[in-house]
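Let's take a guided walk through a protein chain, one piece at a time. Keep the picture open beside you and turn it as you read.

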Amino acid sequence: MASKTLPAIYLDGQSSKKNEVQVHFDENEIRLIDAEGQLLRQDAYQDLSVEPVLANMHGTIRFSDGAVCEFANGRDLHSVLPESKTRKTFSIIHKLENHLPLVGLALLLVVVSTWGVLKYGVPFAAKAAAYTIPLSWEKTTGEQVLEGMDRALFSESALSSERQKELQAKFSDFTTKIERSYDYEILFRASPKMGANALALPGGTIIITDELVNITKDDREVIAVLAHEIAHIEKRHMMRHMFQDSVTVLLLVLITGDLESATSLVATLPTVMVQMHYSRMFESEADKHGASLLLSQGLKPEWLAIALEHLEQAHEGKGKSRGFLSSHPSTPERVATLRKM
Ligand SMILES: [Zn+2]
């Protein structure tokens, strides 16, 4: 093998003096020649250790007596080293860096497995976790959410107490007969900010706005909307959403390595996309389960379709939070599906 030569800085490990040297790489050993052409040292490859090199970082050879040789370019150093036991100390990272197809494959694996975990693993784990939460914990969470909403969004209902009692009676008549795992209660609130809306809180409380009561033409529409909200509670959607959110962010932090980039636009984009899918899944699930609850009491799912159409009309052209009307799936899509049930 013809000898190859690279310039380097030599530190003898005794003094701090930096010596400029030429390093000759022979078949079994390296030789260090200083600026005056003097042989500084001569070492067999098996007595050296070579540090793995990352990207175009500098290269380092360590001698057994503590002396060090620094090379400007680690890749150049590694390219002149013979296939000896020194080379076997290269890290897998270095090998990967020199094998782009492997890097691509590794990247693809990360993307595919992340996608799989987000799409199937996280929802599965969140669902399992949501069903283990004690009712008292859910109720406390629900009360806290209600407190915040009462401060920010709601005011006292303007519905007459007779009207409230009438709807309460119809609601409890419905809820006592259906198959359920919670005791439900409805609360009436006015909300010019939200407009016509209904919200399910963890623990079994459902809030209905005066605006929603007022846009419906038949109380069976109100019951249908409440059935949809009951379905959200029965299926633990709020808790599942909360777990999924936290776990998704946590996963992205783990993968990207820092919180800042995980919360930046690029990193939150997949989260948003995954969440759109989640909420789409939850809305469809709530429509489906709500419809089955209605059917079990001899009410047509059509009533929910009619309520959705009235809601759509009420929110049209207004900049208010759509809330009950999530944009995915779209209202016509939901109405069409409900009419087929
Ligand atoms: Zn919903």
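We begin at a single pair of residues: A200 has I206 in β11 as its bridge partner. What you are looking at is a predicted model, so treat it as a computed picture. A200 lies in strand β10, from which A198 and A200 point one way while L199 and L201 point the other way. Are these four residues buried or exposed? All of them are buried.

Now follow the two strands themselves. β10 and β11 run antiparallel and are joined by 4 bridges. Between them sits a hairpin with 3 residues, where G203 takes a positive phi near 105 degrees.

Step back a little and the rest of this sheet comes into view. It is an open sheet of 4 strands in the order β8-β9-β11-β10, and its pairing is mixed. Which strands are at the edges? They are β8 (155-156) and β10 (198-201), each of which pairs on one side only. Where does the mixture come from? You have already met an antiparallel pair in β10 and β11; strand β9 (residues 185-190), in turn, pairs with strand β11 (residues 205-209) in the parallel sense, over 5 bridges. One spot to look for in that pair is E185, whose bridge partner in β11 is T205. A helix belongs in this picture too: α7 packs on the sheet and touches β9, β10 and β11, with its direction making about 25 degrees with that of β10.

Before leaving this region, find L135, which is part of helix α4 (residues 135-152). L135 and G204 are 69 residues apart along the chain, yet their C-alpha atoms are separated by 9.4 Å. How is L135 classed? It has 13 C-beta neighbours inside 10 Å, so it counts as partly exposed; to be buried, a residue needs 20 or more.

Let's return to α7 and see what else it meets. Helix α7 (residues 219-234) packs against helix α11 (residues 302-315) at an angle of about 95 degrees, and their axes are 8 Å apart. The two helices are therefore roughly perpendicular to each other. On the α7 side, the contact is made by R220, E221, A224, V225 and H228, and on the α11 side by W303, L304, I306, A307 and H310. Sorted by class, this contact of α7 with α11 has 6 nonpolar, 2 polar and 2 charged residues.

Helix α11 has another packing partner to show you. α11 and helix α12 (residues 331-340) pack at an angle of about 160 degrees, with 8 Å between their axes. That angle makes α11 roughly antiparallel to α12. The crossing in which α11 passes α12 is left-handed. Here E302, L304, A305, L308, E309 and E312 of α11 meet T331, R334, V335, L338 and R339 of α12. By class, the contact of α11 with α12 has 5 nonpolar, 1 polar and 5 charged residues. Notice L304, which takes part in the contact with α7 and also in the contact with α12.

Next, move to another sheet. How many strands does it have? There are 7, forming an open sheet in the order β4-β3-β2-β1-β7-β6-β5, and the pairing is antiparallel. β4 (39-44) and β5 (48-50) are the edge strands, each with a single partner strand, so one side of each has no neighbour in the sheet. On average, neighbouring strands here are turned by 30 degrees against each other, direction ignored.

Within this sheet, trace one run of strands. Strand β1 (residues 4-11) pairs with strand β2 (residues 19-25) in the antiparallel sense, over 7 bridges. You can check the pairing by eye: T5 stands opposite H24 in β2, and P7 stands opposite Q22 in β2. From β2, a hairpin of 3 residues leads to β3. β2 and strand β3 (residues 29-34) run antiparallel, joined by 5 bridges, and F25 has I30 in β3 as its bridge partner.

Finally, zoom out to the whole chain. It has 12 helices and 11 strands. Of its 341 residues, 28% count as buried. Among the contacts with a separation of 6 or more, 58% come from residues 24 or more positions apart.

Technical notes
Residues numbered from 1 in each chain as written. Predicted model: local features only at pLDDT ≥ 70, side-chain atom pairs only at ≥ 80, totals over all residues. Axes fitted to C-alpha atoms, helices over the stretch in contact; angles between N-to-C directions. Parallel < 35°, antiparallel > 145°, perpendicular 65-115°, else oblique. Contact = placed C-beta atoms within 7 Å. Nonpolar A, V, L, I, M, F, W, Y, C, P; charged D, E, K, R; others polar. Pairing = 2+ DSSP bridges. Left-handed = near helix turned anticlockwise from the far one by under 90°. Buried ≥ 20, exposed ≤ 12 C-beta atoms within 10 Å, placed from the backbone.
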